[in-house]
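Trainee: I would like to know how the descriptive words for a protein model are earned. Could we take a few of them and check each one against its cut-off?

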Amino acid sequence: MSIDIKENKSSSKSRYRPEIDGLRAFAVVAVIINHFNKVILPGGYLGVDIFFVISGFVITSSLYQRPSKNFKDFISGFYERRIKRLVPALSVFVLIMSIAICLFNPNPSLFLRTGITSLFGLSNIYLFKKSTDYFAQSTELNVFTHTWSLGVEEQFYILFPFLIWFSGFGRQTKNGVRNLFLIIGTLAITSLIGFIYLYPINQPAAYFLMPTRFWEMASGCLLFIGLQKWKSIKQFLEKFPPLFVMILIIGIMYLPTALATTSTVLVVVLSLVLIACLKKGTASYAFFTNSKVVYIGLISYSLYLWHWGVLAISRWTIGVHWWSVPFQVALMLGLAICSYRYIETQLRKGNWFGKRWKNLAIGGGAIITLSGGLSALDIPLKGQLYIGKKINHTIPNFLRGDECLENMSESTKCYLIENISKQTLWILGDSQTQFLALAGEKVANSLEMNLKLYSILSTPFPSFNHYRKSKILKNVENLDDLEFLERELYKKIKVGDIILLTLRNPYHFGGEYYKSSDSFIRKDGTRTSHEDYFNAWIS
């Protein structure tokens, strides 16, 4: 989601292009439609990629021929403008949404920590470390999932001003434009190769991390330089009919998610073309410069922030239904307009505390103070604001010693239910198995069967060959438990018993699930089906 709106409008009115704000409006509406209902616009999430392109284009434009006394003046001025632009609206949003989620979720730790890291521009890294799948349904419940894109842009802003200055572009040297083009172009190609390579084998890394997203913002920068330096590029791109380009972008948003890599690249390329070919005298230009459309673009930062918060809280409460959509849209717009008018616009203008270093220090201090307050909601006040009915979860009493089975190590947990039955439900596997204890108890009781659950940490049942060859003490102890358990199983299993085997495939096979198809990726990049993996395991 772009966070640059007319960065230098007051000093560079000649370079302000209202159609860019109109394009922002299109992008944010596409994102919102997708977040309401993925069926209506499956690829609407690509609106974020359009924002990345716009961000690179606008930030380069805002720094073009901007006078600076020296590097210190340039870099401090850049970050002061970023703090004024980003911190106020984001801080208010994070504070209000953090309190709101505590009212409806008794265990909001993951969400609060995502919000805290978003204040420092790190939520994308936090979500990546949590192995978050952006396309998973569970992400819709986290009120701060969408801040990953702000993290990507803020990390880009850490690197970009240094490239601008030391290339000579910021100092307006003779070869500054050429140097920046070569540097950014090289980094963009490297980033694009990384994105294309990683997406099929490590989707969270390719999706959430700045290095694999750098090429999108860099492409906007390269476009601005190209339009300024080479008139032939401008003349060539202006020949494309903008309406046709728009139709192509919308069409790509209906491609299946299995083609997400291709869709992303195509949308970025077409966004570049659209920025270049939107010119006066066309119907598309008239649409994108319409005052109402431009206004949606102007409030797009706040709208992007609040739309997800409204949807996430709705999913914790009333849900998202056809009858609720008008009210939810109205609430999103109302919050975004208030944020833009009373927070963004007011606090972006003027000199907060007189001196630049004070603005930087106090802005940073405000973030640290707010994050400390949110940490209190996570630790000492956890669950205190929850207004729902509190449920006491029963913790399974895992057994040890003779009651379980003799000679079991501390790495193995067992849970037994004796229903004086001839049949037994066996649940056997790695550490994931222990989380089935209560479900296993309920099933066993409903079927009037005994339950015998054994959870051997970090090792599947039966074990793989590479575990059997391991010399690591923990693995050896687990294998001893496995061998003992297998012998007991063969002795005690009866006709009518049910055996449920559980394991975490990616952990044991050294790979991960491929998100866009029913297949499995090894670390060496080879792919196979879940069925083939299971057969290999059994054999």
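Mentor: What follows is a set of questions about terms used for this predicted model, each answered from a value.

Trainee: What does the protein chain consist of, in helices and strands?

Mentor: The protein chain has 22 helices and 7 strands. Of its 539 residues, 51% count as buried. Among contacts with a separation of 6 or more, 74% are between residues 24 or more positions apart.

Trainee: Why is Cys221 called buried?

Mentor: Buried means under 20% relative accessible area. Cys221 has a relative accessibility of 0%, so Cys221 counts as buried.

Trainee: What makes Cys338 partly exposed?

Mentor: Partly exposed is the range between the buried limit of 20% and the exposed limit of 50%. Cys338 is at 42%, and therefore counts as partly exposed.

Trainee: How many disulfides does the structure hold, and how do you know?

Mentor: A disulfide is a covalent bond between the sulfur atoms of two cysteines. To be counted here, a pair of cysteine sulfur atoms must lie within 2.5 Å. The structure holds 0 disulfides, so no pair meets that cut-off.

Trainee: Now the helices. Why is α6 called oblique to α9?

Mentor: Two packed helices are described by the angle between their axes and the distance between the axes. Helix α6, residues 148-166, packs against helix α9, residues 214-229, at an angle of about 50°, and their axes are 10 Å apart. Roughly parallel needs an angle under 35 degrees, and roughly perpendicular starts at 65. The angle falls between these limits, so α6 is oblique to α9. Their crossing is right-handed.

Trainee: Which residues make that contact?

Mentor: From α6 come Val152, Glu153, Phe156, Leu159, Phe160 and Leu163, and from α9 come Phe214, Met217, Ala218 and Cys221. By class, the residues of this contact are 9 nonpolar, no polar and 1 charged.

Trainee: What is the relation of α2 to α9?

Mentor: The axes of helix α2, residues 47-63, and α9 come within 7 Å and cross at roughly 45°. This angle also lies between 35 and 65 degrees, so α2 and α9 are oblique to each other. The crossing of α2 and α9 is right-handed. On the α2 side the contact includes Asp49, Phe52 and Val53, and on the α9 side Glu216, Met217 and Cys221 are among the residues. The contact of α2 with α9 has 8 nonpolar, 5 polar and 2 charged residues.

Trainee: What makes α11 roughly antiparallel to α12?

Mentor: The term applies to angles over 145 degrees. Helix α11, residues 242-252, and helix α12, residues 260-277, pack at about 160°, with axes 10 Å apart. That angle is over the limit, which means α11 is roughly antiparallel to α12. The crossing of α11 and α12 is left-handed. Val245, Leu248 and Ile249 are among the contact residues of α11, and Leu266, Leu270 and Leu274 are among those of α12. The residues of the contact divide into 12 nonpolar, 2 polar and no charged.

Trainee: Why is helix α4 described as mostly covered?

Mentor: In α4, residues 109-119, 9 of the 11 residues are buried. They include Ser109, Phe111, Leu112 and Gly115. The buried residues of α4 pack against α3, α5, α6, α15 and α17. After α4 comes Gly121, whose phi is positive, near 70°.

Trainee: How do you know that Val94 is buried?

Mentor: Val94 has a relative accessible area of 0%, which is under the 20% limit, so Val94 is buried. Val94 is found in helix α3. Leaving out residues up to four places away in sequence, Val94 touches Gly115, Ser118, Leu119, Phe144 and Leu374. Val94 and Phe144 are 50 residues apart along the chain, and their C-alpha atoms are separated by 7.9 Å.

Trainee: Where is Ser324 found, and is Ser324 buried or exposed?

Mentor: Ser324 is in the loop between α15 and α16. Its relative accessible area is 1%, and under 20% means buried, so Ser324 is buried. With residues up to four places away in sequence not counted, Ser324 touches Ile318 and Gly319.

Note on methods: Residues numbered from 1 in each chain as written. Predicted model: local features only at pLDDT ≥ 70, side-chain atom pairs only at ≥ 80, totals over all residues. Heavy atoms only, no water. Axes fitted to C-alpha atoms, helices over the stretch in contact; angles between N-to-C directions. Helix = DSSP H or I, 4+ residues; strand = E, 2+ residues; numbered from the N terminus. Parallel < 35°, antiparallel > 145°, perpendicular 65-115°, else oblique. Left-handed = near helix turned anticlockwise from the far one by under 90°. Contact = heavy atoms within 4.5 Å. Nonpolar A, V, L, I, M, F, W, Y, C, P; charged D, E, K, R; others polar. Buried < 20%, exposed > 50% of the residue type's maximum accessible area, 1.4 Å probe, protein only.
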